[in-house]
Amino acid sequence: EYSGVKGLTLAFYDGDTEVYKHSQVKGALEEGETFGEFNLSLSMGTYTMVVLGYGMGEDDNLVLTSPTVAAYTGPRARETFAATGPVEIASTEGVELSATLDRSIAKLQVLSTDGRAADATNVRMTLSAGGKAFNPTTGLATSNTGFSNTVNISVAAGTTSSSITYLFLASDEQTLDVTVDVLDAEGQVFSSKVATGVPFQRNRTTKLTGTLYSAEAQAGSFQLETDWLPDQEVSF
């Protein structure tokens, strides 16, 4: 029922060999399916079960290849939940399985304190570490090189904005740098901000708040230069 989950994937592995995998997309179910319910048959043996729940948008694709590797192949990661565990099929009797999926991802939210400029169209968030691929067994990133995510600014001009990206971390807590670029319709940088040493943690939202579309106010003053130049004297 959680609105952040649009897709579910259930898989069973014998070692690294995939013996079953099926994905459900909310709103695009096969005939007779109910979102979150799976029915299948497995031969007797011991398996590793992997369950993923994830958000979805345009061009999003989460590919599970083993109990230790799952990756978003599109431009961004989405909110992701995962559970893994051993399953033994020891008889021909039916087995009912259940699992609790934990959120494996961290969230960055960039909040502007000033109103959107009319010619600002997108926000690009560049992360110096973390990644879009993770290990479902540990919940940690399998790559730690960072990436960029560009999102549309959906609010009207003059309105404060909120931009979000998700990332997998290489450890439960991780510190990295974030560059926030505001782009115009041609993709040119309108303004840029860098935040260093930003703390992140899995299952936690880190919020960056500040001005994005205008210069911050600085202390200053206006002065008058009241001295005249030396007099110019002319005889007539």
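User: With which residue does Arg124 form a salt bridge?
Analyst: This is a predicted model, in which local features need pLDDT of at least 70 and side-chain atom pairs count only at pLDDT 80 or more, while totals for chains, interfaces and linings use all residues. Residues are numbered from 1 along each chain as its sequence is written, and side-chain values use heavy atoms, with hydrogens and water left out. A salt bridge is a side-chain nitrogen of Lys or Arg within 4 Å of a carboxyl oxygen of Asp or Glu. With the closest N and O atoms 2.9 Å apart, the partner of Arg124 is Asp181.

User: How many residues apart are Arg124 and Asp181?
Analyst: Strands are DSSP runs of E with at least two residues, and helices are runs of H or I with at least four, numbered from the N terminus. Arg124 belongs to strand S9 and Asp181 to strand S13. The pair thus links distant parts of the chain, with a separation of 57 residues.

User: Is Asp181 buried or exposed?
Analyst: Buried means under 20% relative accessible area, exposed over 50%, and partly exposed in between (1.4 Å probe, protein chains only). Arg124, at 25%, is partly exposed. Because the relative accessible area of Asp181 is 7%, this residue counts as buried.

User: Which residues does Asp181 touch, apart from those up to four places away in sequence?
Analyst: A contact requires heavy atoms within 4.5 Å. The salt-bridge partner Arg124 is one of the residues touched. The complete set is Asn122, Val123, Arg124, Val189, Ser191 and Ser192.

User: How many residues apart in sequence are the parts tied together by Arg202 and Asp172?
Analyst: Arg202 and Asp172 form a salt bridge, with 3.2 Å between the closest N and O atoms. Arg202 lies in the loop between S14 and strand S15 (205–210) and Asp172 in the loop between strand S12 (162–167) and S13, so the separation of the two parts is 30 residues.

User: Which residue in the salt bridge of Arg103 and Glu79 counts as buried?
Analyst: The side chains of these two residues meet at 2.8 Å, N to O. Arg103 is in strand S7 (residues 102–103), and Glu79 is in the loop between strand S5 (69–72) and strand S6 (80–89). With a relative accessible area of 30%, Arg103 is partly exposed. At 10% relative accessibility, the buried residue is Glu79.

User: How many salt bridges does a search of the whole structure find?
Analyst: Side chains of opposite charge can pair when their charged atoms come close. Arg103 with Glu79 is one such pair. For the whole structure, the number of salt bridges found is five.

User: Which strand gives the most residues to the largest nonpolar core?
Analyst: A nonpolar core is a set of buried Ala, Val, Leu, Ile, Met, Phe, Trp, Tyr and Cys residues joined through side-chain atoms within 4.5 Å. The largest has 23 residues, of which Leu108, Leu167, Leu176, Val178, Phe200 and Tyr213 touch the most other members. Strands S8 (106–112), S9 (122–127), S11 (147–152), S13 (173–183) and S14 (189–201) each supply at least two residues. With four residues, the strand that gives the most is S13.

User: How many residues form the other core, which includes Val50 and Tyr54?
Analyst: Ala141 and Tyr166 are also among its members. This core lies apart from the largest one, and its residue count is 16.

User: What space lies in the largest pocket?
Analyst: On a 1 Å grid over the protein atoms alone, a pocket is an open set of points where a 1.4 Å probe fits, with protein on both sides within 12 Å along at least five of seven lines; lining residues have an atom within 4 Å of a point. Grid points are joined across faces, edges and corners, and the volume is the space filled by probe spheres set on the points. The space in the largest pocket is about 710 Å³.

User: Which strand gives the most residues to the lining of the largest pocket?
Analyst: The lining has 23 residues, and Leu10, Phe38, Leu40, Glu96 and Leu97 lie nearest the centre of the pocket. Strands S1 (7–14) and S3 (45–54) are the elements that give two or more residues. With three residues, the strand that gives the most is S1.

User: Is Asp59 buried or exposed?
Analyst: Asp59 is in the loop between S3 and strand S4 (62–66). Although not a glycine, Asp59 has a positive phi of about 70 degrees. At 57% relative accessibility, Asp59 counts as exposed.
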